[in-house]
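Subject: Structure handover

Hello,

Here is the structure to look at, with notes on what turned up in it. Please have it open while reading.

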Amino acid sequence: MIVTSVCKMLGIQHPVFLGPMAGGTNPELVAAVSNAGGLGAMGCARLAPNVVTQLAADIRQRTDRPFAMNLLLFEADDAAIDAVMTARPPVFSTAWAKPTQALNPLFDRAHEGGAKVMHMVSTLQEAMRAVEDGADIIVAQGTEGGGHVGVMSTLVLVPQVVRAVAPVPVIAAGGFADGAGLAAALALGAQGVLMGTHFLATPEGPWPAGFKDAVVRSNGHDTLLSEIPDVITGRVWPGAYARVIRNRMMEMWLGRMGDLRYKQRDALAQTLAARETGDADMGTVYSGQTAGLVSAIEPAAHIVQRVVEEAEEIIRDTLPSLVRENAPLTK
């Protein structure tokens with residue numbers, strides 16, 4: 001079993017975290033990951049306070065294990081914050097704060113409620129600010145991830161953040177879907193991995209079947225970074241681009257941002273309708289490059305278990321076999 005410092009901090013068995021994707025998580029998926037020994041996380045962005053309350057209750061009915069509830073700070077109002085704080089999740093998860101947004105009062109409030117604070121960053125500067133303001137765990141997310149991401153590669157960002165914020169534990173995100181990824185993240189100094197795209201393609205997840213199938217069909221090369229999804233929704237994320245699968249809807253608007261802004265309402269209605277019907281060709285399908293490592297729709301618990309088992313085998317058998325003491329140098 002792989003046990004890291006963050007496992008001990010949170011009381012979980014495995015250093016595998018569910019990405020708290022708004023619209024991509026539900027109590028069933030959150031509980032499945034937590035019950036499998038990882039940390040499930042519920043995305044609460046843009047949800048009414050009474051919905052947040054009910055979601056927390058539903059999660060607790062399904063699991064007695066630790067879980068997280070997440071807010072996007074750039075758009076979270078007092079009512080949303082109050083709802084999550086009142087729900088008292090074991091882990092308060094946050095991401096995408098405005099550059100001028102004060103984090104310390106929010107983190108202090110979470111600590112007073114007994115929660116650990118886990119904050120996602122896409123830059124070294126964001127990580128250092130979050131730790132100064134009291135974050136217990138940093139999630140360093142590279143550009144390979146799906147949904148909203150920055151532009152720094154995970155392979156570079158993670159060790160930068162690890163060195164800068166030690167001894168605060170760092171979770172690696174963006175580009176992880178298997179045991180080799182977990183082993184690599186641990187080698188970079190991270191204490192675990194956060195995965196989103198792989199968990200989208202599960203029976204428990206709330207995505208329509210057509211969207212899940214699109215992730216399985218993707219080889220990862222057909223994803224791109226774009227502002228098109230945010231223009232369609234009319235939401236401006238601070239310093240982020242959306243990584244999505246390049247489909248017919250994206251092709252319609254590439255190079256036509258002016259037209260898109262003029263026809264934003266129609267485009268929004270079209271993508272919402274596509275989500276309802278599961279039309280992955282005309283909807284916004286957020287997906288990371290790790291879609292190329294997802295070959296089937298499978299239960300979340302199987303994913304957690306396989307990732308951990310593969311990582312253990314690599315660390316225990318493969319990596320030690322590469323090291324030879326007193327081996328002669330070859331010319």
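Which elements each supply at least two residues of the lining of the second largest pocket? They are strand β5 (116-121) and helix α6 (124-132). Please keep in mind from here on that this is a predicted model.

Second largest pocket

This pocket has a volume of about 190 Å³. Its lining is made up of 15 residues, and those nearest the centre are Ala-97, Pro-99, Glu-126, Arg-129 and Pro-238. The largest share of the lining comes from β5, which gives 3 residues. Sorted by class, the lining has 8 nonpolar, 4 polar and 3 charged residues.

Glu-126, one of the residues nearest the centre of that pocket, can be set against Ile-245. In sequence the two are 119 residues apart, and their C-alpha atoms are 27 Å apart in space. Ile-245 sits in strand β11 (residues 241-245). Is Ile-245 buried or exposed? Its relative accessibility is 7%, so Ile-245 counts as buried, the limit for that being under 20%.

Cavity

Rolling a probe the size of a water molecule over the atoms shows where empty space is left. In this model the count comes to 1 cavity of 30 Å³ or more. The largest cavity has a volume of about 40 Å³. Its lining consists of Pro-20, Asn-70, Ser-93, Thr-94, Met-118, His-119, Met-120, Val-139 and Leu-194. The elements that give two or more residues to this lining are β4 (91-95) and β5. Strand β5 gives the most, with 3 residues. By class there are 5 nonpolar and 4 polar residues in the lining of the largest cavity, and no charged ones. Strand β5 therefore appears twice in these notes, because it gives 3 residues to the lining of the second largest pocket and 3 to the lining of the largest cavity.

Salt bridges

Side chains of opposite charge can pair when their charged atoms come close. The count for this model is 9 salt bridges. Three of them are described here.

Arg-46 pairs with Glu-75, and their closest N and O atoms are 3.2 Å apart. This pair links distant parts of the chain, 29 residues apart: Arg-46 is in the loop between β2 (40-43) and α3 (49-62), and Glu-75 is in the loop between β3 (67-72) and α4 (78-87). Glu-75 counts as partly exposed because its relative accessibility is 28%.

Arg-109 forms a salt bridge with Asp-82, with 2.8 Å between the closest N and O atoms. What does this pair tie together? Arg-109 lies in helix α5 (residues 104-112) and Asp-82 in helix α4, so the pair ties together parts that are 27 residues apart in sequence. Both partners count as partly exposed: Arg-109 has a relative accessible area of 35%, and Asp-82 has a relative accessibility of 32%.

Glu-251 forms a salt bridge with Arg-246, and here the closest N and O atoms are 2.6 Å apart. Glu-251 is partly exposed at 42% relative accessibility, and Arg-246 is partly exposed with a relative accessible area of 43%. In addition, salt bridges that share partners join Arg-46, Glu-75 and Arg-235 into one network.

Backbone

Most residues other than glycine have a negative phi, and most peptide bonds are trans. A few places in this model are worth checking against that.

Arg-46 has a positive phi of about 65°, although it is not a glycine. Arg-46 is also the salt-bridge partner of Glu-75. Arg-88 is not a glycine either, and has a positive phi of about 55°. Arg-88 is found in the loop between α4 and β4.

Where is the cis peptide bond? It joins Ala-166 and Pro-167, with omega about 10°. Pro-167 is in the loop between α7 (154-165) and β8 (170-173).

Surface patch

Ile-315, Leu-319, Leu-322 and Val-323 form a nonpolar patch on the surface. Together they have about 380 Å² of accessible area. Ile-315 is in helix α15 (residues 300-318). Ile-315 counts as partly exposed because its relative accessibility is 35%.

Regards

Note on methods:
Residues numbered from 1 in each chain as written. Predicted model: local features only at pLDDT ≥ 70, side-chain atom pairs only at ≥ 80, totals over all residues. Heavy atoms only, no water. Patch = residues over 30% accessible without salt bridge, like charges linked within 9 Å, V, L, I, M, F, W, Y side chains within 5 Å. Areas by Shrake-Rupley, 256 points an atom, 1.4 Å probe, with all protein chains shown as cover. Salt bridge = Lys/Arg side-chain N within 4 Å of Asp/Glu carboxyl O. Helix = DSSP H or I, 4+ residues; strand = E, 2+ residues; numbered from the N terminus. Buried < 20%, exposed > 50% of the residue type's maximum accessible area, 1.4 Å probe, protein only. 1 Å grid on protein atoms, 1.4 Å probe; cavity = no way out; pocket = protein on both sides within 12 Å on 5 of 7 lines; lining within 4 Å. Points joined across faces, edges and corners; volume = space filled by probe spheres on them. Nonpolar A, V, L, I, M, F, W, Y, C, P; charged D, E, K, R; others polar.
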